[in-house]
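Grab a coffee and work through a few short exercises on charged pairs and strand pairing. Try each one yourself before you read the solution.

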Amino acid sequence: MNSRHSFFSVLALGLAIALTAHPVRAQTRVGEAAMVKNEVVRVAAATTPINVGDALLRDETVRTGLESAARLVMADSTNLSLGPNASLKLDRTVFDDEHHYRDVAIRLTSGAFRFVTGHSEKAAYTITTPLATIGVRGTVLDILSQRGKTTVVLQEGASTVCTSNRQCIDLTQPGDTAIITSSGGRTTIQKTNNPPWTFAAICTQAAGLCTVTQFADASPLTPPVDDPTGMLCGR
């Protein structure tokens, strides 16, 4: 074996060892599927089904099909319910410890959702749709993301909803609703206390979809200092 071939063989072996030592660095477990009805998939390098108990991974997209639904529970007990034909992405998760986030960003691309905050500081959460940025303060929210329109209905707590051009309104009473529309390059936001839609009707279509449960199955590796997945610091 010549020296050039030997060098590349050693390099390839080193890369293989490194990948074996850190096989899931890009697949941090941040929660799990607590309820699944019909077609629910994760969209990453390939599309694969999600079943009850399967891990929810950082930086992945979850999508439901027609007549399908899912409830995802995150490490800090945040509950995310998805109705039919819904799609969300966990853009960012940074842990303070095994059951609290320092920073978590969730993108609701399309469909209907119910969002129930968990145990993290409320400033840690950022929820976005194509038209809105939603801040939470101990909150239960129903969110409908459609082409050219986002509807945000407050069920509990309080929330601030802003458009991309920083028009913002506060939701402080149950039933307070923000409706954001975009047409002809112009985005507007209005507030009402007579919501035109809520997630409640979807709750009745699947047992357990709107149940709220605690999640305690994303514990750090033992010993805590040995953290090759980067789960605790969100690497």
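**A buried aspartate and its partner**

D142 has a relative accessible area of 0%, so it is buried. Keep in mind that the model is a predicted one.

**Exercise 1.** Find the residue that forms a salt bridge with D142, and work out whether that partner is buried or exposed.

*Solution.* Start with the chemistry: side chains of opposite charge can pair when their charged atoms come close. Here the partner is R114, and the closest N and O atoms of the two are 2.7 Å apart. Next, place them on the chain: R114 sits in strand β9 (residues 100-116) and D142 in strand β11 (residues 132-146), so this pair links distant parts of the chain, 28 residues apart. Last, check the accessibility. The cut-off for buried is under 20%, and R114 comes in at 15%, so R114 is buried.

**Exercise 2.** How many salt bridges does a search of the whole structure find? Take the one between E60 and R42 and say what it ties together.

*Solution.* The search turns up three. In the E60 and R42 bridge, the side chains meet at 2.7 Å, N to O. E60 is in the loop between β4 (55-57) and β5 (61-64), while R42 belongs to strand β2 (residues 40-43), so the bridge ties together parts 18 residues apart in sequence. Now for burial: E60 has 3% relative accessibility and counts as buried. R42, at 12%, is buried too.

**Exercise 3.** Look at the salt bridge between D176 and K191 and decide, for each residue, whether it is buried or partly exposed.

*Solution.* First the distance: the closest N and O atoms of D176 and K191 are 3.7 Å apart. Then the location: D176 lies in the loop between β13 (168-171) and β14 (177-183), and K191 in strand β15 (residues 186-192), so the bridge ties together parts 15 residues apart in sequence. D176 is buried, with a relative accessible area of 5%. K191 has 44% relative accessibility, so K191 counts as partly exposed.

**Exercise 4.** Follow strand β1 (residues 29-37) and work out how many bridges join it to β4, and how many pair it with β6.

*Solution.* Take β4 to begin with: three bridges join it to β1, and the two strands run antiparallel. As a landmark, G31 stands opposite L56 in β4. Then turn to strand β6 (residues 69-74), which pairs with β1 over six bridges, again in the antiparallel sense. Your landmark there is A33, which stands opposite L72 in β6.

How values were computed
Residues are numbered from 1 along each chain as its sequence is written. This is a predicted model: local features need pLDDT of at least 70, side-chain atom pairs count only at pLDDT 80 or more; totals for chains, interfaces and linings use all residues. Side-chain values use heavy atoms; hydrogens and water are left out. A salt bridge is a side-chain nitrogen of Lys or Arg within 4 Å of a carboxyl oxygen of Asp or Glu. Helices (H or I, at least four residues) and strands (E, at least two) are DSSP runs, numbered from the N terminus. Buried means under 20% relative accessible area, exposed over 50%, partly exposed in between (1.4 Å probe, protein chains only). Two strands pair if DSSP finds at least two bridges between them.
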